[in-house]
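Dear colleague,

I am passing on the structure we spoke about, together with some notes on what came out of going through it. Please have the sequence and the coordinates open beside this message while you read.

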Amino acid sequence: MIQFEQVSKVYPGGFQALKNVSFSLAAGEMAFLTGHSGAGKSTVLKLISLMERPTTGRVLINGHDLKRIKRKQIAYARRDIGMIFQDHRLLMDRTVFDNVALPLLIEGYSMSEARKRVQAALDKVGLADKIRHYPMMLSGGEQQRVGIARAVVNKPPLLLADEPTGNLDPKLSAEIIKLFEEFNRVGVSVLIATHDLSLIARMRYRTLTLKDGRMIDDGLAEEPA
Ligand SMILES: Nc1ncnc2c1ncn2[C@@H]1O[C@H](COP(=O)(O)OP(=O)(O)OP(=O)(O)O)[C@@H](O)[C@H]1O
């Protein structure tokens, strides 16, 4: 699904965020990406979602070299990726329905089809009864679940999450991870960037570890002492 081959990224200004990073994530796999602040986790996600381009090396998605995707094709290519952010990036002056429907309406779905899909996505994250609410009326955990519903509403084969539990307590964090597991169980590939090692250790998933832009480990995380 995702393949990094000797990828380096130097940002304008000269900072090298990634150094010769190679790894792959198989279709249907779920893994965590961890490392200290500034280690390069978000940069990896930005390269996959075409928000940044590698300086050297190749990033392939389903065998397609992202270098071949032209600027005009980026929006189309991104439809296959559901993105989830720590700050969920909801439109606060729009209802839950409007927020989740947005990607579908941009893609040109009819309102009646969008309504069905939004309902199904909100059902999956357990928020069907909050469809007319505004994000302000929801708890932090609920807001994050609206963000997840928006990411999955057009059924992308890949979910990328950047610190999705960053603002949540351990119990809510576990619930969010359980949701990712449910999507993974039906075949969606999931890559979750987080610095929360205790969360990862409890999960026993494959964990990719970055340090100063290098991939230093790829295996199961250790339980913190
Ligand atoms: N657009 C940019 N321009 C210049 N430098 C950048 C840019 N984006 C990120 N960086 C630098 O690259 C390094 C890696 O950033 P990145 O956001 O990938 O790290 P991270 O592991 O996700 O960190 P955090 O956990 O703090 O979000 C950081 O030192 C950051 O300052």
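In strand β8, the residue that serves as bridge partner of L158 is S189, and this pair belongs to a set of five bridges through which β7 and β8 (residues 189-193) are joined in the parallel sense. L158 also has a counterpart in β6, since I81 stands opposite L158 in β7, and here again five bridges join the two strands, β6 and β7, which run parallel. Strand β7 itself, made up of residues 158-162, is mostly covered, with five of its five residues buried. L158, L160 and D162 point one way from the strand while L159 and A161 point the other way, and buried residues are therefore found on both sides of β7, given that a residue counts as buried when 20 or more other C-beta atoms lie within 10 Å of its own.

Before going further, I should say that this is a predicted model, so please read what follows with that in mind. The chain averages a pLDDT of 93, and 98% of the residues score at least 70, while the model as a whole scores ipTM 0.94 and pTM 0.93.

The antiparallel sheet

There is also an open sheet of four strands, in the order β2-β1-β4-β5, whose pairing is antiparallel. The strands β2 (16-25) and β5 (64-65) stand at its edges and have a single partner strand each, so one side of each is left without a neighbour in the sheet. Helix α1, which covers residues 41-48, packs on this sheet and touches β1, β2 and β4 (56-61), its direction making about 115 degrees with that of β1.

Taking the pairs in turn, strand β1 (residues 2-10) is joined to β2 by six bridges, with L25 in β2 as the bridge partner of I2. Five bridges join β1 to β4, and there the bridge partner of F4 is V59. Two bridges join β4 to β5, and L60 stands opposite D65 in β5.

β4 and β5 form a hairpin with two residues between them. One of the residues in the turn, N62, has a phi near 50 degrees, which is a positive value in a residue other than glycine. N62 is exposed, because 11 other C-beta atoms lie within 10 Å, and the limit for an exposed residue is 12 or fewer.

A second residue of this kind is L50, which has a positive phi of about 65 degrees although it is not a glycine. L50 lies in the loop between α1 and β4, and L50 is partly exposed, with 18 other C-beta atoms within 10 Å.

The surroundings of the ligand

Which residues come nearest to the ligand? Of the 13 residues around it, these are Y11, A17, S37, S42 and T43. Helix α1 gives the most to this shell, with three residues. Sorted by class, the shell has four nonpolar, eight polar and one charged residues.

H88 and helix α3

H88 lies in the loop between β6 (81-85) and α3 (96-107). Is this loop residue buried or exposed? H88 is buried, with 20 other C-beta atoms within 10 Å, a count that just meets the limit, because 20 or more is what the term requires. If neighbours within four places in sequence are left aside, H88 is in contact with Q143, Q144, V146 and G147. H88 and G213, by contrast, are 125 residues apart in sequence and 25 Å apart in space, taken from C-alpha to C-alpha.

As for α3, its buried residues are V96, N99, V100, A101, P103 and L104, and they pack against α4 (111-124) and α5 (140-152). The helix is followed by G108, whose phi is positive, near 95 degrees.

With best wishes

Methods. Residues numbered from 1 in each chain as written. Predicted model: local features only at pLDDT ≥ 70, side-chain atom pairs only at ≥ 80, totals over all residues. Pairing = 2+ DSSP bridges. Contact = placed C-beta atoms within 7 Å. Axes fitted to C-alpha atoms, helices over the stretch in contact; angles between N-to-C directions. pLDDT = per-residue confidence, 0-100. Near = placed C-beta within 6 Å. Nonpolar A, V, L, I, M, F, W, Y, C, P; charged D, E, K, R; others polar.
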